[in-house]
Amino acid sequence: MKTINDFNFKDKKALVRVDFNVPQDDQLQVTDNTRIVAVKPTVEKILNDGGSVILITHLGRPKGEVKDEFSLKHIVGEISNVLGQEVKFVDESIGEKAEKAASELRPGEILLLENVRFHNEEEKGDEGFAEQLSKLGDAFVNDAFGTAHRAHASTAVIAKFFHSTKFFGFLMANELKAIDKVLKNGERPVTAILGGSKVSTKITIIENILPAVDNLIIGGGMAFTFIKALGGKIGNSLVEEDKLPLALEILGKAKEHKVKVYLPSDAIIAESFSNDAERKEADIYAIPEGWMGLDAGHKSRDQFNDVLLNSRTILWNGPIGVFEMSNFAGGTIALGDSIAEATRLGAFSLVGGGDSVAFVKQFGYGEKVSYVSTGGGAMLESLEGLELPGVAAINN
């Protein structure tokens, strides 16, 4: 893996592709700077070498149009605060202004280019646009794991203009190492927890990880498709009727791979999809008509806890209950506690995928697990075994 540790950036201008697609409030102020904080070590390494940094990113979906709400001028202040120095800004990503700003950049300085998605050519992966961007710097560093699954001009195509001076930043390298640590060289037993609502969105992940794991915990709404396929009565719980045969097929494949599958044995059920609905605990195979399962029950939590405390490597993707509603967050909180305790005892834990990352941030588990991925789609495609265009561009 070619990382920035393999190069001295003294007197070099490094084009660093980052993912600063950060959430903002109504006043366009940044509400979560996690993605900016994550690339600080990469920027500092280049500056400490005596180089300068030109940041490339997108923000939102302007679809090739210049729109003020998507201008990076609104977040340059937050980037400066996080990086601890003034970040210069140019309201172009290619063209004369951008070229002038880049040429005037001195060692130790940082320049932020305007939103690359103001150009249609970015998402089209246009080679001419990528070449114009490439002329602004001496080296290319990809530190944008969140967009590594896109074959866009600034994430993948640009790399072809840097034959020996293209590298992974520290964030990208750490993300790839964390995934490898689970899928390729995880200390056993390896346990994967897959939650969320639908089996259909996790099929490829399940098939890809079965050879690498010892235990598979299936929770959340997707569990009911498995329970019904096994003959259980699930009331009005979420189910993918057309995926019942697939659920049985997955269980069969798991058996072939000698993977132990753990499904919830009980559930917190409710009369409607509402935090205030009447609720009670029930055997997950015997949910009455008119009731729906919205969280894992206490027996399930205890069973999952036992599995996790005996694991050395843990992958968590997806909540096991409707944690957005406080009365149905208990199962996912208990799961978070179990993973945190397993981590404290020496296990490696990787959390990836939008909803589980959102939970970890909301409930303060970020410091209690080994690694929280910054990339939703990129993380999922990695777990599916796909080579990401942004990764291939540096490796090839």
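**View A. Helices α11 and α12 run roughly parallel to each other.** In this predicted model, helix α11 (residues 298-309) packs against helix α12 (residues 330-344) at an angle of about 20°, and their axes are 9 Å apart. Because angles under 35 degrees count as roughly parallel (over 145 is roughly antiparallel, 65 to 115 roughly perpendicular, and the rest oblique), this pair earns the label roughly parallel. Axes here are lines fitted to C-alpha atoms, for helices over the stretch in contact, with angles from 0 to 180 degrees between N-to-C directions. The crossing of α11 past α12 is right-handed, meaning that the near helix is turned clockwise from the far one by less than a right angle (anticlockwise would be left-handed). Helices (H or I, at least four residues) and strands (E, at least two) are DSSP runs, numbered from the N terminus.

**View B. Leu230, Leu248 and Tyr285 form a nonpolar surface patch.** The patch covers about 260 Å². Its members must have over 30% relative accessible area and no salt bridge; nonpolar side chains (Val, Leu, Ile, Met, Phe, Trp, Tyr) are joined within 5 Å, and like charges within 9 Å. A salt bridge is a side-chain nitrogen of Lys or Arg within 4 Å of a carboxyl oxygen of Asp or Glu. Areas come from the Shrake-Rupley method with a 1.4 Å probe, and for residues only the protein chains shown count as cover. Tyr285 sits in the loop between β12 (279-283) and β13 (286-287), and is partly exposed at 34% relative accessible area; under 20% would be buried and over 50% exposed, with partly exposed in between.

**View C. Asn48 is an exposed residue of helix α2.** Helix α2 spans residues 40-49, and Asn48 has a relative accessible area of 68%. Asn8 is 40 residues away from Asn48 in sequence, yet their C-alpha atoms are 9.6 Å apart in space.

**View D. Three loops hold backbone details to look for.** Arg188 and Pro189 are joined by a cis peptide bond, with omega about 0°; Pro189 belongs to the loop between α7 (170-183) and β7 (190-194). Leu28, not a glycine, has a positive phi of about 65° and lies in the loop between β1 (13-17) and α1 (34-38). Lys63 also has a positive phi, near 55°, in the loop between β2 (52-56) and α3 (76-83), and is exposed at 58% relative accessibility.

**Notes.** Residues are numbered from 1 along each chain as its sequence is written, and side-chain values use heavy atoms, leaving out hydrogens and water. Local features need pLDDT of at least 70 and side-chain atom pairs count only at pLDDT 80 or more, while totals for chains, interfaces and linings use all residues.

Methods:
Buried means under 20% relative accessible area, exposed over 50%, partly exposed in between (1.4 Å probe, protein chains only).
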